[in-house]
Amino acid sequence: MADVAYQPRGRDGFECTVEKGGLSITVSGTLEDVTPAVHGDSELTSNAALVTNAWAYAKHEAFRRRLRSEERRKSHQEQAGAHQWAAAVIADMVTELGGETRLGWCSACFTQAEHRAVKAFRGPARTYLCGSCGAPTIACATPSCKHMSNRGTSALTKPRYCAEHRHEVAGFDKMASAVGSVDDWADWLTYESMNLSRTSKVVGAMVVSAAVVGPAAWLAAPAIGGALGGMTGLYGAAATSHGLAMLGGGSVAAGGLGMAGGTAVVSAVGAGLGGTIGATATSAYVGADSSFRVEKLRDGVGAPVLLASGFLTDKDDGWGTWRRLIDDRYPDRPVYRIHWGAKELKVFGSLAAAGAGKAAGMAFAKKAASVATKKAAGRASWFGWLLLAKDVAANPWSVAKARAGMTGAVLADLISRTDEPAFVLVGHSLGARVMTTAAQLLGTRSGTPKLEDVHLLGAAVGAKGDWRTLNDSVSGTVWNYWSANDMVLKYLYAAGSAGEQAAGQAGFQTKFPRIKNRSVTRSVPGHSAYFTKTQLGA
């Protein structure tokens, strides 16, 4: 088997070298680097899957050696081992390539590519390497299907179904297609093939996070892609936890890539809107969030208005509390409401109702302990359990933020596929986070902005940050309505975000010209009062 070795370099640097059959590849950098420097023989350096896993192994090993927490060290050790194994297996396969080829859609990178057979690793099904991403693949187990399945890197493999027959995508041929108008979204999401895999389930954040990060992010942010992407051969809780940490703003110390990683992911996904990457995100998301739907509220003329609510208003259906706001500003526009994250919003809404602005909320803390940590129930503060959750996947705040981010990515992709020249986005609370994410992604597109205006009320988004793409997303204005009286954001958001102030409670800290802060402190006494006490900007 290939030799995969880690070596520290200087004070902050490190490298990973993979050697097999006289060939070698070295990836090097620091923990702050999103992408590594890559050197070596072209046979190995051209395989993106190998580069991804070697770099991910090096990063996790570096974390393991530097962190003091035994629990975190163990987590990084397990992930380092998985990536080390995957890198070794892929290197072995690269040196055993034969002449036989097969053309088909790849379920790892979702591109149509030529797959070269590996002379070894025959097993029940012949192993191939994708000519695009370098991932190990096998033919789909459906007899009449010509697509390729993600093989993984286990020593022994079994027949697997392709992404289309696992319902990870609605159809390979659909991924780059347009949807025409907002009303066509449901038809575009209809699956073309039966789900033939009994063992395949779109489970929570693992599949969704992998899709949202997208195959292109394997090049933009290989450590993230390596932890999430199907081409690494990783499955299960490790990928889920890492994916939620990253999408929820995971710090470097927690195994994420911090702001640098988040920026890389946003750029990678934004570049893929309306194409393959966006399609995989949308398909996986719809499978994971049964509450996601687009509800048409009325016909009209002009740029359609899209609405998204957050916690405390998630139970509304139809217009809910939105009608006065929208009728006053956009009386003749077509209006649609985005429903999303019902489960997460319910849990987080209960937390807000139980403890916002108070020193205690023990009844809910005890209930929340069942999904977070028993240790939390004994804490005196109502948010103590939130900050003590051992696994970010069990932390309702991280889950809700991740779900909002994923919803925003999907919405941005759907908007990109329509023939509509422009849209107006309006969101409240975590719904404002959805709209902010969608706008940021759309702001990475070239050409005329797809958004006319964005209205954010009580936005559960950090006040600080690089808001260039948000500014670039609109031809008009991003209006941010904030109130210093919003105790939900003042206490709950800050508690779940390491003391960070929310833009909905203090305004965006930016000078970009298209982002306008509008204080409604005098008229808005609380988190749910924006609907009756606010007028949308002109």
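**Two sheets, a helix and an arginine**

Gly-104 sits opposite Ala-113, a residue of strand S6. That's a handy place to start in this predicted model, since the pair leads straight into a sheet. S6 covers residues 112-118, and its pairing with S5 is antiparallel, running over six bridges.

Zoom out a little and you'll find that the sheet has five strands, ordered S5-S6-S7-S8-S9, with antiparallel pairing. The sheet is open. S5 (97-105) and S9 (148-150) are its edges: each has a single partner strand, so one side of each has no neighbour in the sheet. Going from one strand to the next, the twist averages 45°.

Now go back towards the start of the chain, where there's another open sheet, this one made of four strands in the order S1-S2-S3-S4. Its pairing is antiparallel too. At the edges are S1 (3-9) and S4 (37-40), each pairing on one side only. Ignoring direction, neighbouring strands here are turned by 15° against each other on average. Inside the sheet, S2 (residues 13-20) and S3 (residues 23-29) run antiparallel to each other and share seven bridges. If you want one pair to click on, try Phe-14, whose bridge partner in S3 is Gly-29.

What packs on this sheet? Helix H2 does, touching S1, S2, S3 and S4, with its direction at about 135° to that of S2. Helix H3 (residues 70-94) also comes in, lying across S1 and S2 and running at about 35° to S2.

H2 deserves a closer look. It spans residues 48-66, and at 1.5 Å a residue its 19 residues should cover 27 Å; the end C-alpha atoms are 27 Å apart, so the geometry agrees. Buried here means under 20% relative accessible area, and 16 of the 19 residues of H2 are buried, so the helix is largely enclosed by the rest of the structure. Its N-terminal end is capped by Asn-47, which has a side-chain oxygen 3.1 Å from the backbone nitrogen of Ala-49.

Last stop: Arg-518, found in strand S16 (residues 515-519). Is Arg-518 buried, exposed or partly exposed? Its relative accessible area is 31%, and the cut-offs are under 20% for buried and over 50% for exposed, so Arg-518 counts as partly exposed. Leaving out residues up to four places away in sequence, Arg-518 touches Trp-479, Asn-480, Tyr-481 and Trp-482, along with Gln-535, Leu-536 and Gly-537. Take Leu-536 from that list: Arg-518 and Leu-536 are 18 residues apart in sequence, and their C-alpha atoms are 9.8 Å apart in space.

Note on methods
Residues numbered from 1 in each chain as written. Predicted model: local features only at pLDDT ≥ 70, side-chain atom pairs only at ≥ 80, totals over all residues. Heavy atoms only, no water. Pairing = 2+ DSSP bridges. Axes fitted to C-alpha atoms, helices over the stretch in contact; angles between N-to-C directions. Buried < 20%, exposed > 50% of the residue type's maximum accessible area, 1.4 Å probe, protein only. Contact = heavy atoms within 4.5 Å. Expected span 1.5 Å × (residues − 1). Polar contact = N/O pair within 3.5 Å; in protein donor to acceptor, adjacent residues only side chain to side chain.
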